[in-house]
Amino acid sequence: GFPEQVTIYEVGPRDGLQNEKSVVPVEVKAEFVRRLVAAGLQTVELTSFVPAKWVPQLGDAEELLDLLGPLALGQQRPVLVPNERGLDRALERGVKAVAVFGSATETFARKNLNRTVGESLEMFAPVVRRALDSGAWVRGYVSMCFGDPWEGPVPISQVVDVCSRLMDLGCDQLSLGDTIGVGTTGHVARLLDALDDAGIGVDQIGVHFHDTYGQALANTVTALSHGVGVVDASTGGLGGCPYAKSATGNLATEDLVWTLEGLGIEHGTDLDALVETSVWMAEQLGRPSPSRVVKALSGS
Ligand code: HMG
Ligand code: MG
């Protein structure tokens, strides 16, 4: 059944901004994070410690953390780290939560990580071990859990295999990514059942839906009805992956909050403050938020 309370895992500053055509000034990013935290969001993923050559949009990771000061620290401010170099950079800044990001498909592992699936897991192994040793919390993302733009539909057994291997490395939580937004509710239910059969319960799972086909909210409600209590979302519905064709924005945090309100599920956030933040961010980016809830509540 539905959980009583949901943790919203906000990915706007990272997933949202990694795909912007222009680089958002670091002061704007810092202000975005401050507003998100002030709106009650507890978990806010800040940025990625990847080479600027790969993701120029997030080339200011150190600067952002310095600007944020204490607000950037603790187990509820994860950052992405693909390898030990990224982990070193994060630990040097005192980071206490990291996320590695694997792929369920070989093609996307190659495009996003320049590795096979197996080689990427080998790359993550020392990252996860050293992060845990340092007292950090570790999340393992799995991209392309439903479909892949190059390989088509992704077999559930293949997804379960990568999930199991990430859990075996010691990850505290998995995030099931529908990177290109092609998943549908029945598929979500079948994947959660298969993971449960493999010993990975809903208490270890977060869901990460992109809204390309308008299915993100329906898929989220399906996951909630199975007891999933961690939902990734991006304020204003920003987002996408520069290395995945046809990836659009994440589930908008405002759309999620509207639904949680209706279900009577605790979420701890101030919807009006989120909408105000999205309106402000839209001004910074020069285009309106794609979220219907933002449009409705801001009268835009
Ligand atoms: P590579 O080119 O194979 O890396 O890329 P390398 O180890 O050969 O290193 C190349 C150079 O980069 C070297 O420098 C390294 O020192 C340097 P050089 O000798 O040329 O001067 N380097 C670094 N510098 C700074 N920070 C680092 C770092 N690592 C190496 N961490 C690599 C391999 C994994 C680095 C690359 O493929 C990469 O960064 N990929 C990340 C791409 C990315 O960020 N994608 C978006 C995030 S995933 C996503 O959005 C999906 C998600 O939202 C879930 C979903 O929706 O499905 C999470
Ligand atoms: Mg994503």
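In the predicted model, helix α8, spanning residues 185-197, and helix α9, spanning residues 216-225, approach one another so that their axes come within 9 Å and cross at roughly 35°. Two packed helices are described in general by the angle between their axes together with the distance between those axes; for this pair the sense of the crossing can be added, since α8 passes α9 in a right-handed manner. On the side of α8 the contact is made by T185, V188, A189 and L192, and on the side of α9 by A218, N219, T222 and A223. Of the residues in this contact between α8 and α9, 5 are nonpolar and 3 are polar, whereas none is charged.

The strands considered next belong to an open sheet of 8 strands, arranged in the order β2-β1-β10-β9-β8-β5-β4-β3, in which the pairing is parallel. The edges of this sheet are formed by β2 and by β3 (79-80), each of which pairs on one side only. Helix α6, comprising residues 117-133, packs on the sheet, where it touches β4 (97-103) and β5, and the direction of α6 makes about 170° with that of β4.

Within the sheet, strand β1 (residues 7-10) pairs with two partners. With strand β10 (residues 230-233) the pairing of β1 is parallel and extends over 4 bridges, and in this register I8 stands opposite V231 of β10. With strand β2 (residues 43-44) the pairing of β1 is likewise parallel and extends over 2 bridges; here Y9 stands opposite T43 of β2, while E10 stands opposite V44 of the β2 strand.

Around ligand 1 there are 26 residues, of which V50, G86, S143, G177 and T179 come nearest. The elements that contribute two or more residues to this shell are α4 (84-92), α5 (106-113) and β5 (137-143), and the most is given by α4, with 3 residues. Divided by character, the shell around ligand 1 consists of 12 nonpolar, 11 polar and 3 charged residues. Strand β5 thus appears in two settings, as a contributor to the ligand shell and as a strand touched by helix α6.

As regards the confidence of the prediction, the mean pLDDT of the protein chain is 96, with 98% of its residues reaching 70 or more. For the complex, the predictor gives an ipTM of 0.98 and a pTM of 0.97.

Methods: Residues numbered from 1 in each chain as written. Chains lettered and ligands numbered in written order. Predicted model: local features only at pLDDT ≥ 70, side-chain atom pairs only at ≥ 80, totals over all residues. Near = placed C-beta within 6 Å. Nonpolar A, V, L, I, M, F, W, Y, C, P; charged D, E, K, R; others polar. Axes fitted to C-alpha atoms, helices over the stretch in contact; angles between N-to-C directions. Left-handed = near helix turned anticlockwise from the far one by under 90°. Contact = placed C-beta atoms within 7 Å. Pairing = 2+ DSSP bridges. pLDDT = per-residue confidence, 0-100.
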